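The report that follows walks through a protein model in words, moving from single strands to whole chains. Please keep the sequence and the structure in view while reading.

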Protein chains: 2
Amino acid sequence: MRPDGSAPLGVFDSGLGGLTVARAVLQALPNERIVYLGDTARVPYGTRSAETVIRYARGCARVLTERGVKALIVACNTVSAVALELLQAELDLPVLGVVRPGAETAVRTLEGLSTGTSQAPAKVGVLGTLGTIHSGAYPRAVAQFSTRIEVVGNPAPLLVPLVEEGWIEGEVPRLAVRRYVEPLIAAGAGVIVLGCTHYPLLKSIIAEVAAELAGKHVPVVDSAEATAAAVREAIQAERIAPALEAPSERLELLVTDLPESFEGAARAFLGASAAKVQQIDLKG
Amino acid sequence: MRPDGSAPLGVFDSGLGGLTVARAVLQALPNERIVYLGDTARVPYGTRSAETVIRYARGCARVLTERGVKALIVACNTVSAVALELLQAELDLPVLGVVRPGAETAVRTLEGLSTGTSQAPAKVGVLGTLGTIHSGAYPRAVAQFSTRIEVVGNPAPLLVPLVEEGWIEGEVPRLAVRRYVEPLIAAGAGVIVLGCTHYPLLKSIIAEVAAELAGKHVPVVDSAEATAAAVREAIQAERIAPALEAPSERLELLVTDLPESFEGAARAFLGASAAKVQQIDLKG
């Protein structure tokens, strides 16, 4: 039996970066509530093999389905890239990822920019983890919205630790961003998708460096907003039952580890203190 | 019943960095063989809570004791810092860590430098993960060898990802190293201990930056060598039974994940291609 509309939405990520997605969903849908699971004991997923990411993703999905969520939002780009179709096939509830909404926004952005010009279309540039880029998920997703637009991706493994270290200003993040953005611009990227939930905290540096390299404004797509819009559409299309009245507690936070840096990280991604936090054990 | 001398030594680390320790042990003890376990599916440990590190350490120790190792070498600084006494109490075989040997070498180095001078003794500077530094393990270990020498530690969370990314030359690693080494030199460190198995790959930059900041040579202690010496001493003191003849296969490598970057990382830390590699599952 499907859960009713008053059930929460389940959101999970390898760590706390997906709170940017949870936040965007809560802002877009004021009646909904969320149970968020951050697998902080095993973060990051982006450097792991596909088999391990799939195993971890199944474990996270099981915890949330056992809590009766009405839909699952995979806020982790790596899991969305590697395991989304599998979770959609295995689970008896709607499962949404972050890759497709980000890809669609990027295509629409490029189409908007190129209207009326006759030059060769720009490409979609994607920054992501090794796992996300190597999965080919973004090229596949972009192909669903445009057969003309190409994708160029670059793994950016240092950006997650820079954000986790809180080193999001100054020369080091700028040099790291330049290392990763340069090949995208050189290959003709006209828009850059932030293919990891950690990267929005570096968004302004990424935009500045890209503009500097390209000699013009390069839009930067944050998939949190795009994903929130996709959830709203799924509710409007009645694929997810809507909540009819605003709940008192809107966010329940489950984590698999509570490191010392937890509170600061949660606040950075959520833009507010985390409310109700519970540590759980995740076998396997 | 204790395993006999022909049994292997067990070495484990959160990932592949501990291969620098395995390599030093194999070089120092030509008759010994090693079963190495790298928990690559859950690396890094250094940002996790103590409870989680303890749980992971117990799992790693169990895998190796079930394989009949005659002694356990904890190559991970974070585990050595947080869980060594606990493993020593729980297990019926010798358990050695990397913190004590590194601390001893640092103290001996400082004592050697200050012979004949009357000025205030320099301090031991330690770079390590958050978990290692916050555990206070290095101050405790140094206190066993000197009551006069103080310890100043600084967490350096970006160095592990820099090494894993292979970004060990140029301005970014230099700036990152400077950020972490500067407070140590300012606080009076006269020697720097590399309190993480990843850091030896940045050793020359760390030495250069430290010398530049201090205006004189600052010795850098790599605990891999010191740990190998401690293992040799334990064998000489008959706390570990010696192997009497050289084995054909000297290193067996177990990992919990085999990411794409595995081969390059193994070679970087081991200085050679990894021989026999097997992926295992580690519950919990």
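In strand S5 of chain B, Lys123(B), Gly125(B) and Leu127(B) point one way, whereas Val124(B), Val126(B) and Gly128(B) point the other way, and all of these residues are buried. The strand as a whole is mostly covered, with 6 of its 6 residues counted as buried. It should be said at once that this is a predicted model, and that every value given here is computed from it.

**The neighbours of strand S5 in chain B**

In general, the strands of a sheet pair through backbone hydrogen bonds, and the pairing may be parallel or antiparallel. Strand S5 (residues 123-128) of chain B runs parallel to S6(B), to which it is joined by 5 bridges, and S5(B) also runs parallel to S7(B), to which it is joined by 6 bridges. Individual residues can be matched across these pairings: Gly125(B) stands opposite Val152(B) in S6(B), and Leu127(B) has Asn154(B) of S6(B) as its bridge partner. Towards S7(B), Gly128(B) has Gly195(B) as its bridge partner.

The side chains of a regular strand alternate between the two faces of the sheet. Strand S6 (residues 151-155) of chain B shows such an alternation, since Val151(B), Gly153(B) and Pro155(B) point to one face and are buried, while Val152(B) and Asn154(B) point to the other face and are not buried.

Strand S7 (residues 189-195) of chain B contains Val191(B). Is Val191(B) buried or exposed? With 24 other C-beta atoms within 10 Å, Val191(B) is buried, because a residue counts as buried when 20 or more other C-beta atoms lie within 10 Å of its own. Apart from its neighbours within four places in sequence, Val191(B) is in contact with several residues, including Ala106(B), Leu110(B), Val124(B), Gly125(B) and Val218(B). Although Val191(B) and Val218(B) are 27 residues apart along the chain, their C-alpha atoms are separated by 5.5 Å.

**Chain A as a whole**

Chain A has 11 helices and 10 strands. Its radius of gyration is 18 Å, close to the 19 Å that the globule rule gives for 284 residues, so chain A is as compact as a globular protein of that length. The C-alpha atoms of chain A fill a box of roughly 50 × 40 × 35 Å along the principal axes, and 54% of its 284 residues count as buried. Among the contacts in chain A with a separation of 6 or more, 78% are between residues 24 or more positions apart.

**A sheet and its helices in chain A**

An open sheet of 6 strands in chain A has the order S4-S3-S1-S2-S9-S10, with parallel pairing. Strands S4 (95-96) and S10 (276-279) of chain A stand at the edges, each with a single partner strand, so one side of each is left without a neighbour in the sheet. S9(A) and S10(A) run parallel and are joined by 4 bridges, and within this pair Leu253(A) stands opposite Val277(A) in S10(A). Two helices that lie against these strands are set out below.

| Helix of chain A | Strands touched or crossed | Angle |
|---|---|---|
| H2 (residues 50-66) | S1, S2, S3 and S9 of chain A | about 155 degrees with S2(A) |
| H3 (residues 77-90) | S3 and S4 of chain A | about 160 degrees to S3(A) |

Helix H1 (residues 19-28) of chain A also has buried residues, among them Leu19(A), Val21(A) and Val25(A). The buried residues of H1(A) pack against strands S1, S2, S3 and S9 and against helices H10 and H11 of chain A.

**Domains and the partner chain**

Chain A is divided into domain 1 (9-97 + 225-279) and domain 2 (99-223), whose centres, taken over C-alpha atoms, are separated by 23 Å. In chain A, 26 residues of domain 1 are in contact with 25 residues of domain 2. On the side of domain 1, the elements that give two or more residues are H1, H3, H10 and H11 of chain A, and that side has 13 nonpolar, 10 polar and 3 charged residues.

Between the two chains, 24 residues of chain A are in contact with 24 residues of chain B. Helices H5 (130-135), H7 (159-164) and H8 (171-186) of chain A each give two or more residues to the side that touches chain B, and the largest share, 4 residues, comes from H8(A). By class, this side of chain A divides into 12 nonpolar, 5 polar and 7 charged residues.

Methods. Residues are numbered from 1 along each chain as its sequence is written. Chains are lettered from A and ligands numbered from 1 in the order in which they are written. This is a predicted model: local features need pLDDT of at least 70, side-chain atom pairs count only at pLDDT 80 or more; totals for chains, interfaces and linings use all residues. The radius of gyration is taken over C-alpha atoms; the globule rule is 2.2 Å times the number of residues to the power 0.38. A residue is buried if 20 or more other C-beta atoms lie within 10 Å of its own, exposed if 12 or fewer, and partly exposed in between; C-beta atoms are placed from the backbone. Two residues are in contact if their C-beta atoms, placed from the backbone, lie within 7 Å. Ala, Val, Leu, Ile, Met, Phe, Trp, Tyr, Cys and Pro count as nonpolar, Asp, Glu, Lys and Arg as charged, and the others, Gly among them, as polar. Two strands pair if DSSP finds at least two bridges between them. Axes are lines fitted to C-alpha atoms, for helices over the stretch in contact, and angles run from 0 to 180 degrees between N-to-C directions. Domain bounds come from an automatic or database domain assignment.
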